[in-house]
Amino acid sequence: MPIHFIDNYAKKNLEAIIINQDGYTLFGELWLYEQFLSFNKNKFVEDEIWYFKHNYNLSTHPSSKRKVEGQVDFLLLSKQGLLIIEVKGGGLRVDENDCYFSSGEGKEYETQNPFTQAKEYVHTFKKLIDSSVFVYRAVVLPHEAGFILKSPQLIGYRDIFFSKADITGLDERAIQNIFFKFINELGRKARIRTVRELFPNLSAEAISKKAYEQYPDLSSKELKRLKSELFPTQTTYGYNPDRINTELILKENYEVLKGLSRNKNVIIQGAPGTGKTALAIKFLAEKLLKQQKGIVYCANKLIRSKLEHIILNDYQLDPNNINFRIFSDVVTQESVASDIDFLIFDEAQEYFDKGLYDFIEKLNSKLGKPKILVLYDPDQAIASNLKELAWYTDFFIEIGYTHYYFDENYRCAQNIEIGEISNCLLYNEYGKIKNKYKSSLICVDDLKQKLELFSFILNDVNFTSSEKIILIHSNLIEDFTKIVSEFFYRDIEELTEANINISSNKVRYSSPIKYRGLENESVYLITKELNDSTKVQNYIGATRAMNSLKIILWK
């Protein structure tokens with residue numbers, strides 16, 4: 001049916017279902033629910049789809065974080081936007097002090113101002129919903145004919161107000177026709193009223209035209225996405241929203257995350273350890289809690305496998321809504337489904353020059369401008385030079401991306417020396433490392449010293465095997481693996497996408513390039529020399545360390 005009743009109440013038992021906390025039937029809300037049932041019966045809504053929900057609890061919305069309270073009488077989601085309907089059964093009056101009183105069965109009691117309630121809910125939903133959907137409101141008094149909009153605060157509410165006075169003396173079918181017309185025209189009238197307030201000098205014709213330019217109808221894709229966000233279906237995936245909010249979303253940088261939701265396209269620049277990937281995980285988790293679909297593009301297989309494990313295994317979010325991929329210059333828009341809502345590009349400095357912008361533009365056209373988050377660190381770029389990357393940054397800013405720059409390092413708080421060594425590598429102060437940080441340097445010249453080095457790493461009792469990672473400059477990998485395969489194959493193994501999420505008693509190794517985006521307590525960085533030719537990989541490797549860093553000069 002064109003009107004989908006989210007609650008799916010049994011029609012023959014509505015008086016026992018639509019009740020207050022004391023068990024009494026809420027006849028005003030019952031009347032309105034039955035009107036929407038009649039819309040379906042009379043086929044008033046044939047060419048559209050409406051989603052109708054009774055008694056919507058604001059704290060259940062994923063963005064509320066269980067902190068937003070409130071119970072909305074009815075929500076109607078359609079191509080016109082999101083309609084909030086507040087209903088007061090029985091009588092209603094307002095006294096000279098602007099206090100509201102409801103009455104029924106010979107009793108009168110103070111109640112909330114339904115016009116203020118509806119207005120506040122509009123602002124709340126605008127904050128909660130992750131899109132520019134038009135939100136509007138209505139107040140319905142189906143059993144009160146004498147309420148008059150006469151105070152200064154109420155005069156402008158004529159278009160959103162419906163009462164018994166509008167239908168007194170009419171038969172059932174006439175009432176249904178008039179109430180449907182009221183509901184159906186609310187979106188247009190609310191748009192016109194809003195645009196008139198924004199552009200008071202425009203003519204009536206210009207205002208009518210601009211109303212839908214400023215607040216267009218929702219596409220079928222947007223309607224479907226909002227339906228999933230507002231009324232998520234229960235799945236077999238055992239994720240815990242409270243745990244995800246507490247452990248992922250509400251930790252440090254949450255204010256930045258809220259800022260991201262207000263901007264369609266965001267580019268984040270930051271050094272290692274400043275929280276880029278952590279923010280991307282927050283962003284991703286929040287979108288998945290809202291039942292949105294997305295793709296994460298990574299620069300290497302290890303970080304892809306790690307992120308995938310965190311989201312799908314550790315937090316058990318729905319794998320049908322997210323896909324993790326490696327970005328390359330052969331990716332195509334055809335590989336992206338048309339129902340994708342957001343895209344994340346991690347370590348984008350590695351593929352700015354591989355057609356990233358053209359790819360995004362094609363997807364913008366195909367997907368109707370999804371949310372886009374780009375994360376990068378120019379200092380970790382392997383192939384590009386800094387001038388080229390600065391150009392890309394400026395370019396994305398010029399075309400409307402909101403740019404964030406993270407400059408506070410969270411990763412190396414336990415060992416300030418790691419940050420200082422990393423900066424020396426970044427700014428070519430190699431002599432300073434050799435003079436000031438001798439205790440962090442180890443030189444190995446022959447096989448005997450190399451074997452002793454392996455024994456030192458394996459026997460370091462300050463860290464467990466899983467807390468250690470050996471990162472070898474790519475030019476030395478062949479020599480290193482030869483020694484491992486001959487002497488230490490029982491104790492050391494390569495870190496791969498197949499084993500990254502499996503615990504092991506072996507110490508693992510990789511290259512700095514493959515290990516980008518990851519981190520560990522203790523890093524043993526094996527490199528040929530500290531100079532400009534090894535700078536980028538040395539810098540990446542050093543910045544993976546959280547607590548301990550040893551640089552091994554391998555001859």
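# A chat about strands, sheets and rings

Mentor: Let us begin with strand 14 (residues 371-376) of this predicted model, where six of the six residues are buried, so the strand is largely enclosed by the rest of the structure.

Trainee: Which way do the side chains of strand 14 point?

Mentor: K371, L373 and L375 point one way from the strand, while I372, V374 and Y376 point the other way, and all of them are buried. In a regular strand the side chains alternate between the two faces of the sheet.

Trainee: And which strand does strand 10 join, over how many bridges?

Mentor: Strand 10 (residues 265-270) runs parallel to strand 14 and is joined to it by five bridges, with N265 standing opposite I372 of strand 14. Strand 13 (residues 342-345) also pairs with strand 14 in the parallel sense, over four bridges, and there F342 stands opposite K371.

Trainee: Stepping back, how many helices and strands does the protein chain have?

Mentor: The secondary structure of the protein chain comes to 17 helices and 21 strands. Buried residues make up 50% of its 555 residues, and among the contacts with a separation of 6 or more, 73% are accounted for by residues 24 or more positions apart.

Trainee: What is the strand order in the open sheet that has mixed pairing?

Mentor: That open sheet has six strands in the order 1-2-3-4-8-9, with mixed pairing. Strand 1 (3-5) and strand 9 (161-163) stand at its edges, each with a single partner strand, so one side of each is left without a neighbour in the sheet. Neighbouring strands of this sheet are turned by 25° against each other on average, direction ignored.

Trainee: Which helix packs on that sheet?

Mentor: Helix 3 (residues 114-128) does, touching strand 2, strand 3 (71-78), strand 4 (81-87), strand 8 (135-141) and strand 9, and its direction makes about 155° with that of strand 8.

Trainee: Back at the edge, how do strand 1 and strand 2 pair?

Mentor: Strand 1 and strand 2 (residues 50-57) pair in the parallel sense over three bridges, and F5 stands opposite F52 in strand 2.

Trainee: What about the sheet with parallel pairing, what is its strand order?

Mentor: It is an open sheet of six strands in the order 16-21-20-17-19-18, with parallel pairing. Here strand 16 (441-444) and strand 18 (492-494) are at the edges, and each has a single partner strand, so one side of each is left without a neighbour in the sheet. On average, neighbouring strands of this sheet are turned by 25° against each other, direction ignored. Strand 18 pairs with strand 19 (residues 507-510) in the parallel sense over three bridges, and E493 stands opposite R508 in strand 19.

Trainee: Which helix lies across those strands?

Mentor: Helix 15 (residues 447-458) lies across strand 16, strand 17, strand 18, strand 19, strand 20 and strand 21, running at about 145° to strand 16.

Trainee: And helix 17, is it mostly covered or mostly exposed?

Mentor: Helix 17 (residues 535-542) is mostly covered, with six of its eight residues buried, namely Q537, N538, Y539, I540, G541 and A542. The buried residues of helix 17 pack against helix 13 (416-426), strand 17 (468-472), strand 20 (520-527) and strand 21 (545-554).

Trainee: Changing topic, how many aromatic pairs does the structure hold?

Mentor: It holds 49 aromatic pairs. One of them is F134 with Y136, which is stacked at 5.6 Å centre to centre, with 25° between the planes, and both of these residues are buried.

Trainee: Which rings have the charged end of a lysine over them?

Mentor: Examples include F199, where the charged end of K210 sits over the ring, 5.0 Å from its centre, and F283, where the charged end of K287 sits over the ring, 4.5 Å from its centre.

Trainee: Where is Q35 placed, and is it buried or exposed?

Mentor: Q35 is in helix 2 (residues 27-41), and at 8% relative accessibility it counts as buried, because the cut-off for buried is under 20%. Leaving out residues up to four places away in sequence, Q35 touches I175, Q176 and F179.

Trainee: Last one, how many disulfides are there?

Mentor: The count comes to zero disulfides. As for individual cysteines, C298 is buried, with a relative accessible area of 0%, and C424 is buried with a relative accessible area of 2%.

How values were computed:
Residues numbered from 1 in each chain as written. Predicted model: local features only at pLDDT ≥ 70, side-chain atom pairs only at ≥ 80, totals over all residues. Heavy atoms only, no water. Phe/Tyr/Trp six-rings, centres within 6.5 Å; stacked < 30°, edge-to-face > 60°. Buried < 20%, exposed > 50% of the residue type's maximum accessible area, 1.4 Å probe, protein only. Lys NZ or Arg CZ within 6 Å of the ring centre and 35° of its normal. Pairing = 2+ DSSP bridges. Helix = DSSP H or I, 4+ residues; strand = E, 2+ residues; numbered from the N terminus. Axes fitted to C-alpha atoms, helices over the stretch in contact; angles between N-to-C directions. Contact = heavy atoms within 4.5 Å. Disulfide = S-S within 2.5 Å.
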